[in-house]
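User: Could you walk me through the terms used for this model and show how they apply?

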Amino acid sequence: MIAREKDLYIERNESREEISSSTGDKNEIASSYFKSVPELPVRRAKTAIVTGASSGIGLELAKKLSLNGYRVVANSRRITAARTAETDHIKLVDGDISLLETAERVVATAIQHFGTIDLLVNNAGVFLPKPFMEYTTEDLRVAFATNLFGFFFVSQLAVARMRLQKFGHVVNISTSLVSQPIAGLPASLAN
Ligand SMILES: NC(=O)c1ccc[n+]([C@@H]2O[C@H](COP(=O)([O-])OP(=O)(O)OC[C@H]3O[C@@H](n4cnc5c(N)ncnc54)[C@H](OP(=O)(O)O)[C@@H]3O)[C@@H](O)[C@H]2O)c1
């Protein structure tokens with residue numbers, strides 16, 4: 001049993017014992033109630049993964065989620081050096097999210113420390129506002145690696161966990177240029 005689930009199990013059973021000892025064995029209504037009612041849902045902290053969380057939209061998302069009671073695994077290539085997303089409830093994972101190895105570490109951190117993955121926010125992305133004809137091979141490689149592979153690996157791993165849990169959400173931060181393109185801005189590449 002993973003740590004958090006174990007805690008919840010203990011909390012649930014302790015609260016039952018408290019109720020039954022405070023009301024005494026004579027209170028047959030209360031004890032028969034607990035025998036007949038299935039496990040009640042227990043409020044627990046949710047876990048979110050946010051990629052590209054050292055600045056901008058990702059940083060604000062990580063902070064807001066943490067303020068709203070989420071445990072957060074925050075990733076970017078240099079997130080520990082940035083020191084912007086640190087709170088008690090945020091674990092930082094450095095690494096290029098376009099690499100499978102980084103995606104594995106991000107997902108493993110969430111499961112090892114917090115037990116579940118309730119939300120994945122695919123936010124890491126690059127925006128290279130250049131005319132199509134000026135794109136270099138390196139520009140194309142960076143755009144596809146970050147915006148496409150950076151979405152793919154971590155999503156596949158997180159969704160595998162969500163399917164086991166039977167719950168979870170994935171939010172992808174994209175751009176309005178996908179549905180409303182502007183001539184001269186191929187910035188929606190792989191977005
Ligand atoms: N701001 C806008 O107006 C706008 C408009 C349309 C779409 N978007 C999209 O919204 C998202 C966030 O935009 P933003 O303006 O908040 O961006 P931002 O301030 O430039 O932040 C980008 C974040 O992504 C991280 N990052 C970049 N490449 C990464 C990689 N390979 N692996 C892991 N992390 C990486 C960066 O940190 P490191 O450098 O430490 O890795 C940083 O934390 C992006 O996907 C962007 O395309 C933004």
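Below, a few labels are set against their definitions.

Analyst: Happy to! This is a predicted model, where local features need pLDDT of at least 70, side-chain atom pairs count only at pLDDT 80 or more, and totals for chains, interfaces and linings use all residues. Residues are numbered from 1 along each chain as its sequence is written.

User: What makes a set of residues a nonpolar core here?

Analyst: The set must consist of buried Ala, Val, Leu, Ile, Met, Phe, Trp, Tyr and Cys residues joined through C-beta atoms within 7 Å. Buried means that 20 or more other C-beta atoms lie within 10 Å of a residue's own, exposed means 12 or fewer, and partly exposed is in between, with C-beta atoms placed from the backbone. The largest such core has 32 residues, and Ile49, Val50, Ala62, Val72, Ala74 and Val154 are those with the most contacts inside it. H5 gives the largest share, 5 residues.

User: Why are the buried residues of H5 said to be on the same side?

Analyst: Helices are DSSP runs of H or I with at least four residues, numbered from the N terminus. The buried residues of H5 are Thr102, Ala103, Val106, Val107, Ala110 and Phe114. They cover an arc of only 130 degrees, taken from the directions from the helix axis to the C-beta atoms, so they are on the same side of H5. On the other side, Glu101 and Gln112 are exposed.

User: What span is expected for H5?

Analyst: The expected span is 1.5 Å times one less than the number of residues. H5 has 15 residues and reaches 21 Å from its first C-alpha to its last, close to the 21 Å expected.

Technical notes:
Helix = DSSP H or I, 4+ residues; strand = E, 2+ residues; numbered from the N terminus.
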